[in-house]
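Hi there,

Here is the structure I said I would pass on to you. Have a look at it first, and then read on for what turned up in it.

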Amino acid sequence: MNGSTGWTTLVQAEVLAPTLGDPLLVVLDARFSLADASAGENAWNQAHIPGARYVHLDRDLSGAHAAGAGRHPWPGAAEFGRLLAARGITPAHQVVVYDAGDGAFAARAWCLLRLAGHARVAVLDGGFEAWCARGLPLEAEPPRFEPAATPYPVDFDRRGLFDAARVHRHLQGGGLLLDARAGERFRGEVEPIDRRAGHVPGATSRPYACNLVDGRFKPREALAAEFAGLLGTRDASGVVVMCGSGVTACHHLLAMAHAGLDGACLYTGSWSGWIEDPARPVCTGAA
């Protein structure tokens, strides 16, 4: 495996399967359930793609809480660098991440790695479900591997990470803020997780499920056309994405990158961070 053939957005199960065992490949299992934080790791213990190393959304793909950081705070660079080293990941590795199916949790890991400066990272399109549907091999034994000798030299590109103040300035300047939550949560009709319902004034609803068809990402041409309709005259750098806690919003970043629209940014605290300050305005209904 070499840099010229690296995967940087999506990879199909039938393409990944023949590369298992390559010493420069690391597969990460990011299965998780917001309803049961132990469910993903339990599922990994029962069966996983051969060699897959588990990463937990709360423990591994999030940091310690800080004011305005929301339910899944962005981790610190040193902290994330130690996590990557513990999973045996160095700058030389191709990383592939999967979750149970739609890519929402896997995209969080993809986004963390990308913003840490690791370009050769991709999400398994269709996830564990697609792998199993093809009858590809599984194992239950924990993988054997050597941790990296030194922490990964993470240097997050902070230009791509927004807090509430930057989001406010972004909207005032005519930027686009895309909310990846389901439409009924955006409109404030239901709120199953956070203490207030609604959306950031000026935000535009695009549920991350719109990136999918039959559990897979839409073709890049279709994604490019759909996002172009939202961007108007802006380029990708004029877009900030958000969701409930900065996790499923990463699905938009992955979809846009797959469509050739690199450069969009993430509001890390997202809705749960926005409403930590009761003085911030909240809207309900359609945008």
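**Strands, spaces and cysteines**

Let's start with a pair of residues you can click on: D179 has M242 in strand 11 as its bridge partner. Before you go further, keep in mind that this is a predicted model.

D179 belongs to strand 7, where it shares a side with L177, while L176 and L178 sit on the other side. Both faces of this strand are covered, and these four residues are all buried. The pattern you see there is a common one: in a regular strand, side chains alternate between the two faces of the sheet.

Now follow strand 7 (residues 176-179) across to strand 11: the two run parallel and are joined by 4 bridges. Besides the pair I began with, L176 is matched with V239 in strand 11. Strand 7 also has strand 8 (residues 204-205) as a partner, again running parallel, with 2 bridges between them. If you want a spot to look at there, find L178, which stands opposite T204 in strand 8.

How do the side chains of strand 11 point? In strand 11 (residues 239-242), V239 and V241 go one way, and V240 and M242 go the other way. Are these residues buried or exposed? They are all buried.

Strand 11 also pairs with strand 12 (residues 265-267), in the parallel sense and over 2 bridges. On that side, V240 has C265 in strand 12 as its bridge partner. To get from strand 11 to strand 12, the chain passes through helix 9 (residues 249-258), and this β-α-β crossover is right-handed.

While you are at helix 9, pick out H251, which has its place there. H251 has a relative accessible area of 0%, so it counts as buried. Try drawing a line from H251 to A180: they are 71 residues apart in sequence, but their C-alpha atoms are 8.1 Å apart in space.

Next, the empty spaces. Rolling a probe the size of a water molecule over the atoms shows where empty space is left. How many cavities of 30 Å³ or more does a search of the whole structure find? It finds 1, and the largest cavity has a volume of about 30 Å³. Its lining is made up of L28, V55, L61, F80, L83, L84, A109 and L113. Helix 3 (77-86) and helix 4 (104-115) are the elements that each give two or more residues to that lining, and helix 3 has the largest share, with 3 residues. What kinds of residues are these? The lining of the largest cavity has 8 nonpolar residues, with no polar and no charged ones.

Then there are the pockets. The largest pocket has a volume of about 230 Å³. It is lined by 14 residues, and the closest to its centre are R114, L115, D262, G263 and A264. Helix 4 turns up again here: helix 4 and helix 9 each supply at least two residues of this lining, and helix 4 gives the most, with 4 residues. Sorted by class, the lining of the largest pocket has 9 nonpolar, 2 polar and 3 charged residues.

The second largest pocket has a volume of about 150 Å³. Of the 16 residues that line it, L34, R71, R185, G244 and T248 lie nearest its centre. Here the classes come out as 9 nonpolar, 4 polar and 3 charged residues.

Last, the cysteines. A disulfide is a covalent bond between the sulfur atoms of two cysteines. How many disulfides does this structure hold? The number is 0. Take C243 as an example: it is in no disulfide, and the nearest cysteine sulfur, that of C250, is 6.8 Å away. That is too far because the two sulfur atoms would have to be within 2.5 Å to count as a disulfide. C243 has a relative accessible area of 1%, so it is buried. C132 has a relative accessible area of 33%, so it falls in the partly exposed class.

That's the tour. Open the structure and go through these spots one at a time.

Cheers

Conventions
Residues numbered from 1 in each chain as written. Predicted model: local features only at pLDDT ≥ 70, side-chain atom pairs only at ≥ 80, totals over all residues. Heavy atoms only, no water. Buried < 20%, exposed > 50% of the residue type's maximum accessible area, 1.4 Å probe, protein only. Pairing = 2+ DSSP bridges. Right-handed = clockwise from strand over helix to strand, strands pointing away. 1 Å grid on protein atoms, 1.4 Å probe; cavity = no way out; pocket = protein on both sides within 12 Å on 5 of 7 lines; lining within 4 Å. Points joined across faces, edges and corners; volume = space filled by probe spheres on them. Nonpolar A, V, L, I, M, F, W, Y, C, P; charged D, E, K, R; others polar.
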